[in-house]
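Please work through the following exercises with the sequence and the coordinates open beside you. Each one sets a task and then solves it step by step.

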Amino acid sequence: MKTKIHWLGLLFLVFSTSFLFAQQKTVTGTVTDSGGLPLPGVNVILKGTNTGTQTNFDGNYDIIAETGQVLIFSYLGQKTIERTIGNSTIIDLQMKDDTEALEEVVVQGYRTATKATSSIAISTVTAETITNRPNANAIQTLSGQVPGLNITASSGQPGAPPRVNLRGVGSINGNTDPLFIIDGAPVDANAFRSLGNNDIASISVLKDAGATAIYGNRGANGVVIIKTRQGGYNQKLQINYSGVTEFSSLQDIQDYDLLNSQEQLRLERDQTTGLGNGLTDAEIAQFSTTDWADVFFRTAAIQQHTVSLSSGSKNFTQYTSLQFRDQPAILLNSRLTRFNFRNNLTGKSNNDKFNFSSNIAIGYSQNDEPNNIGGAGINRNLVLGAFQSLPYLDPADLGTGAEIFAAGNFFPNTPFLLLDLVNTFERREDELQILGNFDASYEIWNGLRANVRLSGEYRQQILNQTEFPNSFNALIFAGPQDPPGFQIQDYEGQFLYNQVTSLTYNKSFGKHTVDGGAYIEYFRGFFSDFGFNADGLVPALAAPGDGSAFVPDNPDNDLFVDTINANRLTSGLFSYFFQGDYDYDRRFGITGTVRRDASFRFSESNRFGTFGSVAARWNISEEEWFGDSFVNSLKLRGSWGVTGNQFISNTAPRGINFDAPDLTRDLFVTNPGLGGQNALFLNQIGNNTLQWETTEEINIGADFTLFNNRLRGSVDFYDRTTSDLFLAAPISPINVQEVQININDEFPTLSTNSGEIKNSGVDVSLTYDLVRSKDLNLSVNLVGNYNKQEIIDLPTDTGEIINPGGIGSIGLQERGLINEYFLVRYAGVNPENGNLLFLDADGNETENPDVDTDRVFLGTNLSPDYQGSFGFDLNYKGLFLSTQWNYAIGIDRLDNDLAGFSDPTNIGTFRATGDLLRAWTPENTNTDVPSLTASNIALDGNSDRFLQSADFLRLRFATAGYDLPSQYLQGTGLNKIRVFVQGENLLTFTPWRGFDPETVNTFNPGQSRLFPTPKVFSVGLEVGF
Amino acid sequence: MKNIFKLIILIGSFGVITSCNDAIDIVQPGRLGAENAFQNFADLESGLLGTLATIDNTTQMQFNSIFTDEVGIGDNNGGQGLTDGTYGFVLNAGSNAPLGLWLKFYSTLNSANRLIEAIELVDVEPGEQARENEILGEVLAIRAYTHFQILTYFSPDYTDDDALAGFLVDFVPTVDQQLDRATNGEFFSLIESDLSRARSLITTQRDPQGISLDFISFLQIKINVYRENYGQVDTMAASLLADYPLANRDEYEDVFFDIGDTEVIFKLLRVINGPYDRQGATGNAFATGWAGANWAFVDATINGAPYFDIGRALFNMIDPADIRYNVLVGETSIISPDPAAESDFINNDVLLLSKYEGKPGQPLLNDLKIFRSSELVFFRAEAAAANNNLSGVATFLKELRDVRFGTDTPLPSFSTAEEAFGAILDERRIEFAFEGYRWVDLKRLGERGNRGILRSNLDCVVNNACSLPATDFRFTLPIPLNELNFNPDVRQNPGY
């Protein structure tokens, strides 16, 4: 009501002032774009003053001014227009496209260029397709949106970092994540769990060497540059609120035909094992069927609220945002609760010579994260309970931990062990992340600027894990320890500091424009962790994170001696580099980079590497002879460059900056020896020739707009060759080190630089406007990538490495794929006796293949050949609807969930698939399922029997909503109301029989019992005022 | 303003240039470089403790029992031994047992050879020279023992000096080395020279928890027996046996409770909070933790989640009056009076293994007895059988049984050497049950005694894997895939 009066008052004022005084008046008008559509967000400034405003959603503005003053209308990609105020109080205006600025500024690492003058391969995703997405991890939402960017979910745990590979897998053992840069600060993939997704203004993916070489020491696998939102100069305070409620649930797509209670019990009776053994039909009929997936998974309701405030004066802007997200996951005991704060400031001097910006983001999250997912622990992996529990058990029969323990017979009681775990085990990580950076730049002289960029990331995680003393697991591992129970606490903190100082020069001389710079980059990282594992918790006092329940050591025994741990690591990089860019008449351009990089990892071997790139372009459509045609713009690009990688380890539990810090050294450690005394062990055999892994990349591409700008797109052909690969080369077990602790992890390998791989392929991105009008706009889009992997060279004499990393199902061979399946071929069932048939190396059928010599390379692996997305965007009078279908072709996975359901030795212990009902019997000889007593059944573990295609087509994302037209908002004080619904993973078509074709452990393609990504449906509201 | 800013840049750049090396020349805290690992006498002592700690026997125990006829499927079996086929006689280059053993043996050799190299380089005080000699002697004996273990598991025929064993490693290997297998003859010659050097350096006569002169004597007798060089065996065994008389019934129990060392010549100490105080890889030949966790998840009682139990065939051979019954069979076992009639044999006939009950404070954690003097009696019996002295065999077996029963037992009689060898094998089956002997014994004596793996029919219902003759190729382990992957030209054993 108050606002309405204000409006009326203003109208009155307009009339009275214009009538009475004539000099001070309110000027109003509508600004449209070159197509005649209203243009919101145009800056309208009174020349020579601090006064200004912006056009609203309908392109309207109003501003108080005097006759004779000059209004400046400016908008990115449009020519800036000045109008002198005359007698009229209405100034309507049509903006004109600024051909010099086109519509976009393109991020180029340490500089920016316009789209036309950019020589590099880059894809940009704007806020619209990220904001409010029902996903806690912003990187996950990029899936399918960028050609060549393959994103693989590792877990349905909220915020879990996905595997990100750009243009194929660029290394075998080295880390293949692209470099992530948030507002200039380099971070790793783990930084996104604590990052608010609504602060992101744009994400640009730098793809070719021409683009990434400027990040030469960390950019070999691509660079993802995230810009967060900023306020605009001369912008009034804009407050936005958005609230989203999401509902996530298990994707109901598994197709294992799992047995119900009656089928399961009859199968057990037939096999004379388990509960069904000896039951009558009548007794079997009594049982009801429990779907344990419904017990361990749930429909989770998620809340997210975001408030942002942005504003700016003549020399200063600010953007502030707050976000709260509470996301219980579909798996019991899994949850992410997160609070984010961000404050972005920019400022400049009156003469524009000095400018600065600073960003600070604080994220605090609590992650309830069940561990041992993917493992075989029947008392540990909740997902195992959901998938494999016997259907005839009833959750209502759950007893206490002590009762379960006393009952014995643990395997058939798996779901009870795990339900007890749900109730008596708590594991939480509190994470605090502070990300800050400061940029400043000063123009020393006519185009010559001195710049400094400082950025820091502090991240701490505190793990609290409590096994309550009444739990089954505490009892089972207690032995004589009374009270039982365990508590683990672990603090882990890391601080990363990055500093770039530079001198840059940018100047145009007629048709010539030069842009160059000299840079020094300095990076340090500091890591520490410490913690303890306390044995024994007094039941009355046991509480997570609290030590009141701890039991002290006593003179009688060592049962309550706690274990402690502490670790400290540091890392560092130092680089200097130069880059130059030259443009001639906006027709030709060339860009080059050279850099020298040193890494702490090679301080004792080959510390410095030299990297660089050259990129060039030809804007054909700018040539005078080109004339008018259906081609509106056309640019050809080409680049060549070499970049380096020093992230040796791809698993990186401590973050990529700290793992494998000194593999050049031979190391010993002290550990408990024979009688528990401190003893000396060999721990690491070093390689004193380690050096940078280098990637050489050639890229040829074109950017184009056709048919009156209706068709927009780009095509890129690339060829990436990575040599001096970080490779855990097999060495003879005669070199094996201290093995008694974890023999499973101790397959003897040596970190070497050896071998060469190649990824070549094509990226395509196309958008076509089917309908373009004032009320209705419809466009369709396609993102695609084809990638071909090839191993060029391996260090072994045979040109093969079998079971790299100790993973039994895969191998490497020259001319083959990375981690190609290397297995004995399964050939079906022998109708004579129900045994399994395999093919030997020569293709002859055999029941007893040699697990060594009959394995063959199968020509498939986990990486897709084709992947991308397609969809449409529809807009009709404020109504909008868009869809994104993701597809991937050429993925093969070992379905060890199916192997478990099909294993006859699991009958009586775990749930079986209906496939077993058609198993071979002397009466049923023509079948694809071996006899349940086949004597060679154990050999299928080395075969491709359960290797399945995991290709998919999936409705990855869909959204529909309505923007309330502004005429309805007049007088409300609001300038934006949007309501929307969204969904993720709504529909999937796949030959994969499991719970989710996308959730996979890329390091171990056979791992099963994983936490699948959910299906999500959300509703939201956005309000601006 | 302008000048101040220039100054800041100048200082900033200077700061960066002077501090660039601190970003690269980083030595991580808490690292012990190999060049500093062995500096003095104390380090050599630590190194010896480390080398000793690399010796494990749980893989041998696991494989010898699961692959043969020592176990049956326990009531808490979730596929252990079945899924990977060990219980079904599936044994190939990809199996866990050959890999686990290969890795363990060579880790011990790698550790021992580095220590030997360090001993040569480290200068010790004059007063420490004697102890340094002792350390060197002990490491040499460990090296000999480990080579003998490699030969035991990977050589097809102990009596053939031309048969292939494994890699002979008496040096610190380099990472690019692709070795070839040495012959038994070469192995025995290194073992003998290591042992004779060790004998000249060691002064400790007996030490059940460490390497002693008696350890060397026992190993030498054992090697002769394996090579079937029975000439000196009886004399040597009798002489050593005189120093280690057989344990009486109480002492025998104490040995397995880890409170006595009677008749123990060498054992591997396993202590709470020591490196092996963990569950280890259950159901897997990697094992490497609590010994008893090879058969039960939690403890050796009926509530301890046994996933293997004592095989019915073995159980039927053990007389409850025998003290070894008390040690082997758990008190809370469910013993079916008529197992063949049980509809649910697995749950109604649970024969718990209690040899590795654990020590106070930690169920399933026990010292691993490697050399016990009772084996000397068997060596004497074997030598007698080889000389066709059948009554001698009977006397030796009776001698042992009398002690184990605590009373006079009937004197057995044999009409052929084959019968005598068969009886030796049967008695060994009880005496050394679950201590990692059965598969090796069958390999060595099975053909001579007409014995093979023979499970009770009740125990092989699950997979029909009931018997395997001792002449089968699977009584030699394959060279593991891991070695072949790196070293494809290595000669594999026959049958694989």
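The exercises below concern a predicted model, and they go from strand pairing to the chain interface, a disulfide, salt bridges and backbone details.

**Exercise 1. Strand pairing around β17(A)**

Task: Find which strands pair with β17(A), in which sense they run, and by how many bridges they are joined.

Solution: Begin with β17(A), which covers residues 235–249, and follow it to β18(A), residues 300–312; these two strands run antiparallel and are joined by 12 bridges. To fix the register, take Ile239(A), whose bridge partner in β18(A) is Leu309(A). Next, turn to β51(A), residues 1015–1024, which pairs with β17(A) in the antiparallel sense over 10 bridges. Here the register can be read from Val244(A), which stands opposite Gly1020(A).

**Exercise 2. The interface of chain A and chain B**

Task: Describe the contact of chain A with chain B by its residues, its buried area and its salt bridges.

Solution: First consider the residues, of which 85 in chain A are in contact with 92 in chain B. Then take the area: the two chains bury about 7700 Å² between them, and 64% of this lies on carbon and sulfur atoms. Within the area that chain A buries against chain B, Leu674(A), Leu680(A) and Ile734(A) supply 11%, more than any other three residues.

The polar side of the interface comes next, with four salt bridges counted between chain A and chain B. In one of the salt bridges, Arg31(B) is joined to Asp662(A), and the closest N and O atoms are 3.0 Å apart. Across the interface there are also 13 residue pairs in polar contact, both residues being at pLDDT 80 or more. Among the elements that give two or more residues to the side of chain A that touches chain B are α7(A), β22(A), β25(A) and β26(A). The largest share of that side, seven residues, comes from β26(A).

**Exercise 3. The disulfide**

Task: Locate the disulfide, state its handedness, and decide whether each of its cysteines is buried or partly exposed.

Solution: The count over all chains is one disulfide, and Cys460(B) and Cys466(B) form it, with their sulfur atoms 2.0 Å apart. The link is right-handed, with 95 degrees about the S-S bond. For accessibility, apply the cut-off of 20%, under which a residue is buried. Cys460(B) counts as buried because its relative accessibility is 2%, whereas Cys466(B), at 21%, counts as partly exposed.

**Exercise 4. Salt bridges within the chains**

Task: For the salt bridges of Arg978(A), Lys788(A) and Arg324(B), identify the partner and the distance between the closest N and O atoms.

Solution: The structure holds 82 salt bridges over all chains. Start with Arg978(A), which forms a salt bridge with Asp963(A), the closest N and O atoms being 2.9 Å apart. This pair links distant parts of the chain, since Arg978(A) is in β50(A) and Asp963(A) is in β49(A), 15 residues apart. Arg978(A) is partly exposed because its relative accessible area is 24%, while Asp963(A), at 13%, counts as buried.

Lys788(A) is joined to Glu790(A), and the closest N and O atoms lie 3.7 Å apart. Of these two, Lys788(A) is partly exposed, with a relative accessible area of 39%, and Glu790(A) is buried, with 16%.

In chain B, Arg324(B) forms a salt bridge with Glu427(B), with 2.5 Å between the closest N and O atoms. Arg324(B) lies in helix α12 of chain B and Glu427(B) in helix α16 of chain B, so the pair ties together parts that are 103 residues apart in sequence. Arg324(B) and Glu427(B) are both buried. The two also belong to one network of salt bridges that share partners, whose members include Glu263(B), Asp322(B), Lys355(B) and Arg372(B).

**Exercise 5. Backbone details in three loops**

Task: Find where the cis peptide bond before Pro483(A) lies, and where Phe707(A) and Asp724(A) are placed.

Solution: The peptide bond from Asp482(A) to Pro483(A) is cis, with omega near 5 degrees, and Pro483(A) is found in the loop between α9 and β24 of chain A. Phe707(A), in the loop between β32 and β33 of chain A, has a positive phi of about 50 degrees although it is not a glycine. Asp724(A), in the loop between β33 and β34 of chain A, likewise has a positive phi, near 50 degrees. Phe707(A) counts as partly exposed because its relative accessibility is 39%, and Asp724(A) counts as partly exposed at 27%.

Terms used. Residues are numbered from 1 along each chain as its sequence is written. Chains are lettered from A and ligands numbered from 1 in the order in which they are written. This is a predicted model: local features need pLDDT of at least 70, side-chain atom pairs count only at pLDDT 80 or more; totals for chains, interfaces and linings use all residues. Side-chain values use heavy atoms; hydrogens and water are left out. Two strands pair if DSSP finds at least two bridges between them. Helices (H or I, at least four residues) and strands (E, at least two) are DSSP runs, numbered from the N terminus. A disulfide is a pair of cysteine sulfur atoms within 2.5 Å. Buried means under 20% relative accessible area, exposed over 50%, partly exposed in between (1.4 Å probe, protein chains only). Contact means heavy atoms within 4.5 Å. Buried area is the accessible area (1.4 Å probe) that two parts lose on being put together, summed over both. A salt bridge is a side-chain nitrogen of Lys or Arg within 4 Å of a carboxyl oxygen of Asp or Glu. A polar contact is a pair of N or O atoms within 3.5 Å; within protein, one must be able to donate a hydrogen and the other to accept it, and residues adjacent in sequence count only if both atoms are side-chain atoms.
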